[in-house]
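Thanks for sending this one over. Here are my notes, set out as numbered points to read with the structure open beside you.

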Amino acid sequence: MEKETIVSGIQPTGALHVGGYLGAIRNWVELQDEYRGRCYFFTADYHAMNEPETFANCATYRTELGAELLAAGLDPKKITLFHQKDVPEVTELCWMFDTVVPVTFLERMTQFKDKSERAKTVNAGLLNYPVLQAADILIYGGDRVPVGEDQIQHVELTRDIARFWNNRFGQTFAEPKPLLTKTARVMSLNFPERKMSKSIPGSAVFLADSPDEIRAKVRKAVTASSAEDSMPAGVANLFELFAEFGPAEEVEKFQKQYADRSIRYSELKDAVADHLIAYFAPFRARREELLRHPNEIEKVFQQGAKRARAKAQETMQIVRKKIGF
Ligand code: AMP
Ligand code: TRP
């Protein structure tokens with residue numbers, strides 16, 4: 001059997017944070033060896049258009065995210081790394097998918113419900129967001145989609161869309177599956193009931209944060225909870241981060257202290273901050289170095305776009321033939 005194809009994207013809407021890193025990017029880096037030559041990873045520029053305020057800085061974010069993806073360990077010799085905007089064929093496929101997907105399927109997406117509740121005007125792009133995502137995945141023949149938990153629903157919808165399409169136009173697309181990490185949902189430091197996110201100030205540790213910034217944010221992490229008998233969500237989140245970035249013996253020591261109630265959260269926070277700071281030190285240095293030559297970053301992405309576009313055009317030829325264009 002032919003090896004599976006891996007596809008995933010990340011929006012250039014701000015810096016990479018520990019949530020996106022643990023939920024997705026670290027997985028991308030691990031997959032690139034096993035699936036060498038079969039991974040398509042991109043910055044989701046068209047998706048980012050949905051939020052006009054952050055989109056105003058899209059060009060800067062795109063370059064920074066490019067540097068961050070490379071600094072995190074992605075190797076363009078092993079994968080196809082590109083900007084979504086350089087493969088406009090996905091928007092054509094998105095339109096075609098729009099003609100087979102019921103609106104009710106889109107209206108029940110959690111992310112759509114959350115965002116449309118908060119938006120003053122609900123643009124069609126917000127509703128269509130996951131249809132474009134389906135086009136992203138299926139245009140490269142994606143079988144596995146490494147994402148965080150918040151994106152599972154969109155991958156499931158991609159399966160529905162593939163099925164609707166195949167039923168109407170004949171077998172064209174395989175149904176992809178999400179590929180989760182063990183920490184697929186990292187919570188906010190300051191609102192531990194919500195996922196860590198770029199849009200909640202103080203909620204995220206960014207990989208590029210300075211040691212002082214990291215320490216200040218972790219020290220402010222919320223550890224209190226109203227429920228007495230179970231571990232507070234904020235403490236559980238700190239332990240998750242600790243387990244990812246610190247040595248097991250040290251984590252166990254704090255867990256024992258938690259169990260016998262001798263734990264001091266200030267010490268737990270300092271330990272977590274120390275390990276975060278040390279773990280991302282090489283990342284920060286590589287990122288800075290890469291950002292000294294933004295043209296080189298762009299070149300890498302343009303080379304990737306050539307390969308991605310060739311594959312997308314190949315798929316679109318098949319698709320057009322299927323529908324009789
Ligand atoms: P975004 O930055 O929203 O484009 O997300 C990029 C990737 O990171 C997606 O695969 C998300 O599922 C994942 N991700 C974002 N935030 C988190 C989080 N707090 N915990 C786990 N994964 C996340
Ligand atoms: N919607 C994803 C997010 O916000 C980003 C994305 C766009 C994506 N297209 C994709 C992820 C295709 C996986 C596959 O995180």
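**Notes on the predicted model**

1. Let me start in a loop: R261 sits between helix 12 (248–259) and helix 13 (265–279). Please keep in mind that this is a predicted model. What is the phi of R261? The angle is positive, about 65 degrees, although R261 is not a glycine. Most residues other than glycine have a negative phi, which is a good reason to look at this spot. R261 is also exposed, with a relative accessible area of 71%.

2. Now for another arginine. R62 belongs to helix 4 (residues 58–71). Is R62 buried or exposed? Its relative accessibility is 15%, and buried means under 20%, so R62 counts as buried.

3. The surroundings of R62 are worth a look on screen. Setting aside its neighbours within four places in sequence, R62 is in contact with P12, T43, D45, H83 and K85. Take D45 from that list: R62 and D45 are 17 residues apart in sequence, and their C-alpha atoms are 8.0 Å apart in space.

4. Two of the strands come next. Strand 2 (residues 39–43) pairs with strand 3 in the parallel sense, over four bridges. If you want a place to find the pairing, F41 stands opposite L81 in strand 3. T43, one of the contacts of R62, lies within the residue range of strand 2.

5. Strand 3 covers residues 80–83. Which way do its side chains point? T80 and F82 point one way, L81 and H83 the other way, and all of them are buried. H83 is also among the residues in contact with R62.

6. Stepping back to the whole chain, there are 15 helices and five strands. The radius of gyration is 21 Å, close to the 20 Å that the globule rule gives for 325 residues, so the chain is as compact as a globular protein of that length. Along its principal axes, the C-alpha trace spans about 70 × 45 × 45 Å.

7. On burial and contacts, 49% of the 325 residues count as buried. Among contacts with a separation of 6 or more, 76% are between residues 24 or more positions apart.

8. Last, the surface and the charges. The protein chain exposes about 15,900 Å², and carbon and sulfur atoms supply 51% of that area. The chain carries 44 positive and 45 negative charges, and the mean positions of the two sets are 3 Å apart.

Conventions: Residues numbered from 1 in each chain as written. Chains lettered and ligands numbered in written order. Predicted model: local features only at pLDDT ≥ 70, side-chain atom pairs only at ≥ 80, totals over all residues. Heavy atoms only, no water. Rg over C-alpha atoms; globule rule 2.2 N^0.38 Å. Buried < 20%, exposed > 50% of the residue type's maximum accessible area, 1.4 Å probe, protein only. Contact = heavy atoms within 4.5 Å. Areas by Shrake-Rupley, 256 points an atom, 1.4 Å probe, with all protein chains shown as cover. Lys, Arg positive; Asp, Glu negative; His and termini not counted. Charge placed at Lys NZ, Arg CZ, Asp CG, Glu CD. Pairing = 2+ DSSP bridges.
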